[in-house]
Amino acid sequence: MTFSSDGENFCYDRLLLDPEEASFSDLLYLLFSSDIKSRRFVECPEEHKFRNFSDRWLIFISIIFQKIFLYIRNPLARIGHALETWLNLVAINGGIFLLLIKFLRGNMVRIDRSAVNFRSLIGNLDQRVEMDGNIKPGNRKYKSHLALMASKLSYENEACIKSVVTDHWRMEFLGFYNFWNEYQKKPSTQAFILEDKKTDPNLIVIAFRGTEPFDANAWLTDVDLSWYELQGVGKIHRGFMHALGLQKDGWPNDVAPTNLYAYYEFRRMLKEILSKNGNAKFIVTGHSLGGALAILLVGILALHEEGWLLDRMEGVYTFGQPRVGDRKFGRFMEEKLKEFDVRYLRYVYCNDLVPRLPYDDSALLYNHFGRCLYYDSFYHAKDLLEEPNKNYFNLFWVIPKNLNACWELIRGLMMPCVGLDYREGWFLKVYRLIGLVLPGLSAHAPQDYNNSTRLGSLPQQHHQD
């Protein structure tokens, strides 16, 4: 039997939540009735009866947060745009004092958001663009460090990315892409691809952009519990699949090239590039939402039995990645990763909120798979099955998390003692202050993942080369 949201027949089962259709009375009814099938904001098969109150509570919380993000998405976007504009105005004009003088004289340099010197909010949080000179090709940490730097760079505009890749890293820039979301009928994410010829064999890197701090739509996706189940594969998060290029009829082998869809475009590009270079390998990486897209790209390649490509894949490196599917999907992925000898490193820094989303629950079915490379606030690594406090909201962790957020703020003031590259600007210090209220938010910034790949060790199990 098949089910779908809009008449499509690509999935075996599904749970779809629509927060815009949920009224206050609907939400109250949800808490007190196990029959949620009749609610217009929930779509699921008839046999799904959420008799357990805790399961209905999780759906309730998910919809509440989604409605909040829907309500604030426009003002939040305007705040982010204004803050990003101000940070770049100050930087391009040489500081606040010079900006004021130039403004009064009428010769203030105006910003161009497509210019090579424009930086995103993520780029302003962590301003480092140079690779760590102590981590050379062949070093155990090299590929992880390169993956993190590419993940962080993926938030920037095309001119900036191309400049950093070619002028700073001395690598070959192969392309920049803005991808289309078929479900929402709007751009979904961006990514770029480079080639590192300093490695042996040559290394192709695909980096997906993650969740931007003031993008409410992306945060909404992170807290959404909706999923589709693909027969023989398992349940996979709806939002992540649509961002990767899910079509109305599921995952056909080919689509018309009218719009750019991430999975199909990168599959085409990889076949073209790797066929010309018989020795090259490739890795996929991303931070936050970008990490989810990176691992799902591998999953859809496996679904389409793209063995030739998977044989050429060296690894998947994700940083602060949310959960993407259920245990069945995890078993499917672990089998495929083992079959094709693909290394999967899922980095989690300390109290980062996003790897603890969506909620890990026996009925709602979201689970991580593979090993977790966990770094504490001293950048000490542990090889774990699951990050500590896996669902974040455990009351026993409230005091430890807040004490750790205080330590991270103090540590930021001490980091220049490690080296000038580790200085934290005023914007990051303000971000860490926010972490005193919500510790997992500031812990999600790429700064600490960058420090982890530079300063942290790798457990012996994770040999890189």
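A82 sits in helix 2, which covers residues 53–92. The model is a predicted one. A82 counts as partly exposed because its relative accessibility is 46%, and partly exposed lies between the 20% and 50% cut-offs. N157 is 75 residues from A82 along the chain, and 17 Å separates their C-alpha atoms.

**Helix 3 and its end**
- Helix 3 runs over residues 96–105 and is hardly covered.
- Of the ten residues in helix 3, one is buried.
- G106 comes just after helix 3 and has a positive phi of about 80°.

**Overall build**
- The protein contains 16 helices and twelve strands.
- Its C-alpha trace spans about 65 × 50 × 45 Å along the principal axes.
- The radius of gyration is 22 Å, which agrees with a compact globule, because 465 residues packed that way would give a value near 23 Å.

**Burial and contacts**
- Buried residues make up 59% of the 465 in the protein.
- Among contacts with a separation of 6 or more, 71% join residues 24 or more positions apart.

**Surface and charge**
- The exposed area of the protein is about 20,100 Å².
- Carbon and sulfur atoms supply 57% of that area.
- The protein carries 55 positive side chains and 55 negative ones.
- The centres of these two charge sets lie 4 Å apart.

Technical notes. Residues numbered from 1 in each chain as written. Predicted model: local features only at pLDDT ≥ 70, side-chain atom pairs only at ≥ 80, totals over all residues. Heavy atoms only, no water. Helix = DSSP H or I, 4+ residues; strand = E, 2+ residues; numbered from the N terminus. Rg over C-alpha atoms; globule rule 2.2 N^0.38 Å. Buried < 20%, exposed > 50% of the residue type's maximum accessible area, 1.4 Å probe, protein only. Contact = heavy atoms within 4.5 Å. Areas by Shrake-Rupley, 256 points an atom, 1.4 Å probe, with all protein chains shown as cover. Lys, Arg positive; Asp, Glu negative; His and termini not counted. Charge placed at Lys NZ, Arg CZ, Asp CG, Glu CD.
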